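Here are my notes on the model, point by point. Please read them with the structure open.

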Amino acid sequence: MPPDLILASASDARASLLRSAAVSFAQSPARIDEEAIRAALQAEGARPRDMADALAEFKALKVSERQPDALVIGSDQILDLDGSALGKCHSREALRTRLTELRGRRHALHSAAVIAQAGKPLWRHVASARLTMRDFSDGYLDAYLARNWPEVADSVGGYHVEGEGIRLFSAVEGSWPVILGMPLLEILVYLGRRGDIAA
């Protein structure tokens, strides 16, 4: 019998991706200080892609240590603007500044997943998507924030592309699950090869 599968995240988007794929799992958020870990990684000069991978591993291992028999999926996403990792915005004013910075420019989203068992990583993958924001008006930006704050505060870019946030973009390159924060296809292939889900 395959081991229990646990998603080490409170993310509704990631949970929805797994549910939509008819994967049976439990949710057990990892209690880690993401901002402190991110700051330490930045201080060490880590690339945004490597930061996403490291944060996913921290989450997977934290929960795996508590539930060693289960397969634990840790996942994280980093926004990469010209090689700089940008974190979540904690105020509407900060988000307005962020979206103004992203406006008319291309950025990358790096979505990482690490699967751990018995406190050790078994598998990892980082996938990237590239998004170009259109040159939207200040008026639209203010109206967008009025309609969507604080719901978008949990998004690294301050947008939910599954909602009105899609209107901020002129081009999107990459898979939908990666944009939402998880390399789902690669996870499913790995679990299927192991026999943990029907393949």
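**Notes on the predicted model**

1. G163 is found in the loop between helix 5 and strand 7. This is a predicted model, and the points below should be read with that in mind. G163 has a relative accessible area of 32%, so the residue is partly exposed. Its C-alpha atom is separated by 21 Å from that of S9. Along the chain, G163 and S9 are 154 residues apart.

2. The loop between helix 5 and strand 7 (169-173) also holds P150. Look at the peptide bond that joins W149 and P150: it is cis. Omega there is about 10°.

3. Next, the packing of helix 4 on helix 5. Helix 5 covers residues 138-148, and its axis comes within 11 Å of the axis of helix 4. The axes cross at roughly 140°. Angles over 145 degrees would count as roughly antiparallel, so helix 4 is oblique to helix 5. The crossing is right-handed. On the helix 4 side, the contact is made by R92, L95, R96, L99 and T100. Helix 5 brings D138, L141, D142, Y144, L145 and A146. By class, this contact has 6 nonpolar, 1 polar and 4 charged residues.

4. R96 deserves its own point. The residue lies in helix 4. Its relative accessible area is 29%, so R96 is partly exposed. Leaving aside neighbours within four places in sequence, R96 is in contact with D138, L141, D142 and L145. What separates R96 from D53? Their C-alpha atoms are 28 Å apart, and their positions lie 43 residues apart along the chain as a sequence separation.

5. Now the nonpolar cores. The largest one has 43 residues. Which residues have the most contacts inside it? They are L99, Y159 and L168. Strand 6 (residues 120-133) gives the most to this core, with 5 residues. Apart from it lies another core, of 15 residues. L41, A60, A85 and V126 are among the members of that other core.

6. L99 links two of these points. The residue takes part in the contact of helix 4 with helix 5, and it is named among those with the most contacts inside the largest core. Not counting residues up to four places away in sequence, L99 touches M133, F136, L141, Y144, L145, G157, G158, Y159 and L168. Two of these partners, Y159 and L168, are also named for the most contacts in the core.

7. R103 lies in the loop between helix 4 (92-102) and strand 5. Is this arginine buried or exposed? Its relative accessibility is 19%, and buried means under 20%, so R103 counts as buried. R103 touches M133, R134, D135, F136, S137 and D138, with residues up to four places away in sequence not counted. The C-alpha atoms of R103 and F169 are separated by 8.8 Å. These two residues are 66 residues apart along the chain.

8. Helix 2 (residues 34-43) and helix 3 (residues 48-66) make another helix pair. Their axes come within 10 Å and cross at roughly 140°. That makes helix 2 oblique to helix 3. Helix 2 passes helix 3 in a right-handed crossing. E34, I37, R38, L41 and Q42 in helix 2 meet M51, A54, L55, F58 and K59 in helix 3. The residues of this contact divide into 6 nonpolar, 1 polar and 3 charged.

9. Helix 7 (residues 184-194) has buried residues L184, I187, Y190, L191 and G192. What covers them? The cover includes strand 1 (5-7), helix 1 (12-20), strand 3 (71-81), strand 5 (106-117), strand 6 and helix 6 (176-180). G195 follows helix 7, and its phi is positive, near 90°.

10. Two residues that are not glycines also have positive phi: D82 and A118. For D82, phi is about 55°. D82 sits in the loop between strand 3 and strand 4 (84-86). At 61% relative accessibility, D82 counts as exposed. For A118, phi is about 55°. A118 is in the loop between strand 5 and strand 6.

Notes:
Residues numbered from 1 in each chain as written. Predicted model: local features only at pLDDT ≥ 70, side-chain atom pairs only at ≥ 80, totals over all residues. Heavy atoms only, no water. Axes fitted to C-alpha atoms, helices over the stretch in contact; angles between N-to-C directions. Helix = DSSP H or I, 4+ residues; strand = E, 2+ residues; numbered from the N terminus. Parallel < 35°, antiparallel > 145°, perpendicular 65-115°, else oblique. Left-handed = near helix turned anticlockwise from the far one by under 90°. Contact = heavy atoms within 4.5 Å. Nonpolar A, V, L, I, M, F, W, Y, C, P; charged D, E, K, R; others polar. Core = buried A, V, L, I, M, F, W, Y, C linked by side-chain atoms within 4.5 Å. Buried < 20%, exposed > 50% of the residue type's maximum accessible area, 1.4 Å probe, protein only.
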